[in-house]
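Here is a walk through one protein model. Keep the sequence and the 3D view side by side as you read.

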Amino acid sequence: MTRSHSQSEAAFARACDSLVGGVNSPVRAYSAVGGNAPFVSRASGSTITDVDGNDYIDYVASYGPAILGHAHPAVVKAVQASAMTGTSFGASTVGEIELAERVLAAVPAAEKIRFTNSGTEAVMTAVRLARGATGRDKIVKFIGCYHGHSDALLVSAGSGATTLGVPSSPGVPAGATNDTILLDYNDAAAVEAAFAEFPDQIAAVIVEPVAGNMGVIPPASQFLQSLRDLTSAHGALLIFDEVMTGFRVAWGGAQVLYGIEPDLSTFGKVIGGGMPVGAVVGRRTIMDHLAPVGSVYQAGTLSGNPAAMACGIATMDAIAADANFYAALEAKSAALEAGLAAAIADSPFANRACTQRVGSMVCLFFSPAPPTNYASATACDTDAFGRYFQAMFEAGIFLPPSQFEACFVSAAHSDADIQATLAAAHAALNAIE
Ligand code: KE4
């Protein structure tokens with residue numbers, strides 16, 4: 001039975017009169033896959049429902065936060081109770097301390113935290129803090145890693161071996177990016193060369209410890225350790241952008257999974273449980289450069305918002321209450337990946353698609369081999385992905401609308417959900433060409 005999307009189409013048309021592109025974040029416009037973006041009316045557990053009443057098994061998970069599944073009773077209750085006391089005061093609340101203590105207890109070597117309202121703000125703060133604490137200006141980032149939309153990190157590769165960034169967006173002045181060095185993900189030798197080319201000038205290396213913004217790309221063996229060794233040897237800071245991986249791939253994040261201690265980490269998504277929360281964490285000696293203790297300025301009217309803190313606390317407590325949480329998530333995610341691999345093998349895409357996964361971050365690549373960096377990720381057959389996406393969408397599977405996003409499994413996904421997803425994937429891979 002063909003699903004009706006008339007209400008979403010009407011909402012999108014109406015939205016386009018007031019919201020730029022009909023959305024408040026570009027990926028939701030579905031421009032990478034075509035068709036009209038759905039408007040969601042509600043969600044519960046692993047199910048998301050659009051305004052036409054169509055149910056989907058959800059693997060977008062708000063791009064990471066919904067690790068418990070949607071509308072978790074304890075989370076809803078906590079947010080409702082908080083809202084009853086007022087929504088924002090411009091003064092501190094104990095909830096900020098409660099969430100701070102939970103995050104810091106889980107992140108090795110982290111002694112202080114500053115909450116923000118988004119991952120972008122957290123990363124922007126971490127970069128400014130690294131520059132302020134070291135007195136250096138240059139930042140190394142990796143092509144294909146996304147760290148939010150602050151000017152210094154909206155860069156494309158320029159010319160030259162060690163490329164100094166050029167703006168990747170209009171409106172970003174060259175001065176904002178000419179201290180940003182762009183290198184290939186998983187290329188530790190390039191990082192060593194950058195330190196040789198720019199001695200005593202690099203404030204920090206920022207990295208997604210698992211790249212989740214070009215599909216899912218794990219760090220190559222010793223890549224993260226090499227970054228740790230090189231930054232330590234050259235007096236630069238190592239920043240792990242764990243906005244996506246934090247408390248997603250492990251309690252604490254990828255730094256716990258891989259046993260690497262960065263100097264600064266950024267978090268978001270899961271620690272806010274779906275409400276606007278970002279954070280920067282690190283050792284006291286670095287973090288205390290931030291105002292009002294130090295002179296590196298950073299602020300936010302709604303930073304540490306009470307309802308957002310309540311949402312994050314309830315989310316973190318629900319995870320922590322289940323000693324088997326990550327093991328169960330790993331088992332489900334592994335079953336999903338294995339099933340997708342089997343579906344690929346039993347389809348015309350047997351040698352043209354593959355899977356890659358870290359924890360509950362899963363990606364089906366339309367590529368003969370698992371990508372290891374941006375160049376290999378962007379060589380994927382994105383047209384085939386678009387056809388696969390539409391077939392899965394019509395089968396009731398809600399995937400991120402881009403080859404370069406991660407699918408997220410939640411604690412709410414049942415075995416039946418996984419099996420239904422695999423059946424839909426097998427059918428889709430054998431229907432598209
Ligand atoms: P936000 O400003 O969107 O909260 O966080 C930016 C950010 C920072 N660091 C990493 C590793 C991230 O993945 C993100 C945001 N992730 C995207 C998903 N690929 C958000 C989705 C969107 O832009 O709508």
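A cavity here is a set of grid points where a 1.4 Å probe fits but cannot get out. Its volume is the space filled by probe spheres set on those points. The model itself is predicted.

With that in hand, start inside the protein. How many cavities of 30 Å³ or more are there? The count comes to two. The second largest cavity holds about 60 Å³ of space. Its lining is made up of V107, P108, A109, A110, Q255, P262, D263, L264, S265, V281, G282 and R283. Two strands, β12 (264–267) and β13 (278–282), each supply at least two of these residues. Sorted by class, the lining has seven nonpolar, three polar and two charged residues.

Now turn to the largest cavity. About 160 Å³ of space lies in it. The lining counts 16 residues, and V362, L364, Y388, L399 and C407 are the closest to the centre. At least two lining residues come from each of α11 (325–345), β15 (361–365) and α13 (382–394). Which classes make up this wall? It has 12 nonpolar residues, three polar and one charged.

Next, look at a site that is open rather than closed. A pocket is an open set of points with protein on both sides within 12 Å along at least five of seven lines. The second largest pocket encloses about 620 Å³ of space. Helix α3 (94–106) and strand β4 (112–116) are the elements that give two or more residues to its lining. In total, 30 residues line this pocket. Nearest its centre lie S92, E96, I113, R114 and F115. The lining divides into 15 nonpolar, 10 polar and five charged residues.

Step back to the overall layout. The domain assignment gives domain 1 as 6–71 + 324–431, and domain 2 as 73–320. Domain 1 is thus written as two stretches of sequence. The centres of the two domains, taken over C-alpha atoms, are 25 Å apart.

How do the domains meet? The size of an interface is often given as the accessible area lost when the parts come together. Between domain 1 and domain 2, about 2,300 Å² is buried. Carbon and sulfur atoms give 69% of that area. On the domain 1 side, Y326, V358 and M361 lose the most area to domain 2. Together these three account for 26% of what that side buries. In terms of contacts, 29 residues of domain 1 touch 31 residues of domain 2.

Charge pairs come next. Side chains of opposite charge can pair when their charged atoms come close. How many salt bridges link domain 1 and domain 2? The count is zero. A search of the whole structure, however, finds nine. One of them joins K138 and D179, whose closest N and O atoms are 2.8 Å apart. This pair links distant parts of the chain, 41 residues apart. K138 sits in strand β5 (residues 138–143). D179 sits in the loop between α5 (174–177) and β9 (180–184).

Finish with two backbone details. Most residues other than glycine have a negative phi, and most peptide bonds are trans. Where does the model depart from this? D200 has a positive phi, near 60 degrees, and is not a glycine. Its place is the loop between α6 (188–197) and β10 (202–207). The bond joining A291 and P292 is a cis peptide bond, with omega about 5 degrees. P292 falls in the loop between α9 (284–287) and α10 (306–320).

Note on methods:
Residues numbered from 1 in each chain as written. Predicted model: local features only at pLDDT ≥ 70, side-chain atom pairs only at ≥ 80, totals over all residues. Heavy atoms only, no water. 1 Å grid on protein atoms, 1.4 Å probe; cavity = no way out; pocket = protein on both sides within 12 Å on 5 of 7 lines; lining within 4 Å. Helix = DSSP H or I, 4+ residues; strand = E, 2+ residues; numbered from the N terminus. Nonpolar A, V, L, I, M, F, W, Y, C, P; charged D, E, K, R; others polar. Domains from an automatic or database assignment. Contact = heavy atoms within 4.5 Å. Buried area = accessible area lost by both parts, 1.4 Å probe. Salt bridge = Lys/Arg side-chain N within 4 Å of Asp/Glu carboxyl O.
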